[in-house]
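Work through the exercises below with the structure in view. Try each task before you read its solution.

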Amino acid sequence: MSAHGHTDDGHGHGKEGYDFAHPMPVSMLLAVFAALVFLTIVTVAQASFDIGSMDIYVVMGIATVKAVLVGLFFMHLAWDKPFNIIVFVGSFVFVGLFVIFTLSDSQMTSDSFEPIVDDVVPAVAEV
């Protein structure tokens with residue numbers, strides 16, 4: 001038994017399956033890294049296409065996929081306790097809701113995300 005209270009079966013694997021360190025093959029890490037780089041390139045390339053108001057949804061979708069990849073593989077959530085996955089997904093859903101509410105509120109006050117610039121600034125007469 002280790003100093004941290006984990007039980008060990010003698011092969012370096014905890015019996016509970018919730019050890020902090022989870023060895024992953026380097027090829028898997030490189031594949032996830034390549035996917036993240038590819039999605040970043042897609043995000044940058046998407047900026048050159050004019051797809052109207054769908055831009056934000058496409059970019060948010062790509063960012064969601066990237067966040068899921070990082071959470072699953074680099075944060076080891078794929079092998080973690082189910083409770084931690086529920087907390088992560090729950091917080092992710094709430095961030096999504098806050099972004100949706102913010103975007104819908106900004107669309108009610110303006111037609112676009114461009115700042116509104118007043119055309120004429122009244123001159124102030126000096127007294």
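**Exercise 1. Find the contacts of Gln46, leaving aside its neighbours within four places in sequence, and decide whether this residue is buried or exposed.**

Solution.
- Step 1. Note that the model is a predicted one.
- Step 2. List the partners. Once neighbours within four places in sequence are left aside, Gln46 is in contact with Ile51, Asp55, Val58 and Val59.
- Step 3. Place the residue. Gln46 belongs to helix H1.
- Step 4. Check the accessibility. Gln46 has a relative accessibility of 9%. The cut-off for buried is under 20%. Gln46 therefore counts as buried.

**Exercise 2. Locate Ile51, and say which residues it touches beyond those up to four places away in sequence.**

Solution.
- Step 1. Ile51 sits in the loop between H1 and H2.
- Step 2. Residues up to four places away are not counted. Ile51 then touches Gln46 and Val58.
- Step 3. The relative accessibility of Ile51 is 38%. Partly exposed lies between 20% and 50%, so Ile51 counts as partly exposed.

**Exercise 3. Describe the chain as a whole: how many helices and strands are there, and what pattern do they follow along the sequence?**

Solution.
- Step 1. Count the elements. The chain has three helices and zero strands.
- Step 2. Read along the sequence. The pattern is α-α-α.
- Step 3. Look at burial. Of the 127 residues in the chain, 10% are buried.
- Step 4. Look at the surface. The accessible surface of the chain is about 10300 Å². Carbon and sulfur atoms hold 71% of that surface.
- Step 5. Look at contacts along the sequence. Take the contacts with a separation of 6 or more. Residues 24 or more positions apart account for 45% of them.

**Exercise 4. Work out how helix H1 and helix H2 are arranged, and which residues make their contact.**

Solution.
- Step 1. Recall what is needed. Two packed helices are described by the angle between their axes and the distance between the axes.
- Step 2. Find the helices. H1 covers residues 26–46, and H2 covers residues 55–74.
- Step 3. Take distance and angle. The two axes come within 10 Å and cross at roughly 165°.
- Step 4. Classify the angle. Angles over 145 degrees count as roughly antiparallel. That makes H1 roughly antiparallel to H2.
- Step 5. Give the handedness. The crossing of H1 past H2 is left-handed.
- Step 6. Name the residues. From H1, the contact uses Met28, Leu29, Val32, Phe33, Ala35, Leu36, Leu39, Thr40, Val42, Thr43 and Gln46. From H2, the contact uses Asp55, Val58, Val59, Ile62, Val65, Lys66, Leu69, Val70, Phe73 and Phe74.
- Step 7. Sort them by class. The contact of H1 with H2 holds 16 nonpolar, three polar and two charged residues.

**Exercise 5. State how far apart the C-alpha atoms of Phe33 and Phe73 are, then do the like for Val37 and Lys66.**

Solution.
- Step 1. Phe33 lies in helix H1. Phe33 is partly exposed, at 49% relative accessible area.
- Step 2. Phe33 and Phe73 are 40 residues apart along the chain. Their C-alpha atoms are separated by 9.9 Å.
- Step 3. Val37 is found in helix H1. Val37 counts as partly exposed, with 34% relative accessibility.
- Step 4. Val37 and Lys66 are 29 residues apart in sequence. From C-alpha to C-alpha, Val37 and Lys66 are 9.4 Å apart.

**Exercise 6. Follow the chain from Leu72 in helix H2 to His76 in the loop between H2 and helix H3.**

Solution.
- Step 1. Leu72 is in helix H2. With a relative accessible area of 32%, Leu72 is partly exposed.
- Step 2. Residues up to four places away are not counted. Leu72 then touches Leu77, Ala78 and Trp79.
- Step 3. Leu72 and Ile85 are 13 residues apart in sequence and 8.9 Å apart from C-alpha to C-alpha.
- Step 4. His76 lies in the loop between H2 and helix H3 (82–109).
- Step 5. His76 is not a glycine, yet has a positive phi of about 60°.
- Step 6. His76 is partly exposed, with 25% relative accessible area.

Key
Residues are numbered from 1 along each chain as its sequence is written. This is a predicted model: local features need pLDDT of at least 70, side-chain atom pairs count only at pLDDT 80 or more; totals for chains, interfaces and linings use all residues. Side-chain values use heavy atoms; hydrogens and water are left out. Axes are lines fitted to C-alpha atoms, for helices over the stretch in contact, and angles run from 0 to 180 degrees between N-to-C directions. Helices (H or I, at least four residues) and strands (E, at least two) are DSSP runs, numbered from the N terminus. Angles under 35 degrees count as roughly parallel, over 145 as roughly antiparallel, 65 to 115 as roughly perpendicular and the rest as oblique. A crossing is left-handed if the near helix is turned anticlockwise from the far one by less than a right angle, and right-handed if clockwise. Contact means heavy atoms within 4.5 Å. Ala, Val, Leu, Ile, Met, Phe, Trp, Tyr, Cys and Pro count as nonpolar, Asp, Glu, Lys and Arg as charged, and the others, Gly among them, as polar. Buried means under 20% relative accessible area, exposed over 50%, partly exposed in between (1.4 Å probe, protein chains only). Accessible areas come from the Shrake-Rupley method with a 1.4 Å probe; for residues, only the protein chains shown count as cover.
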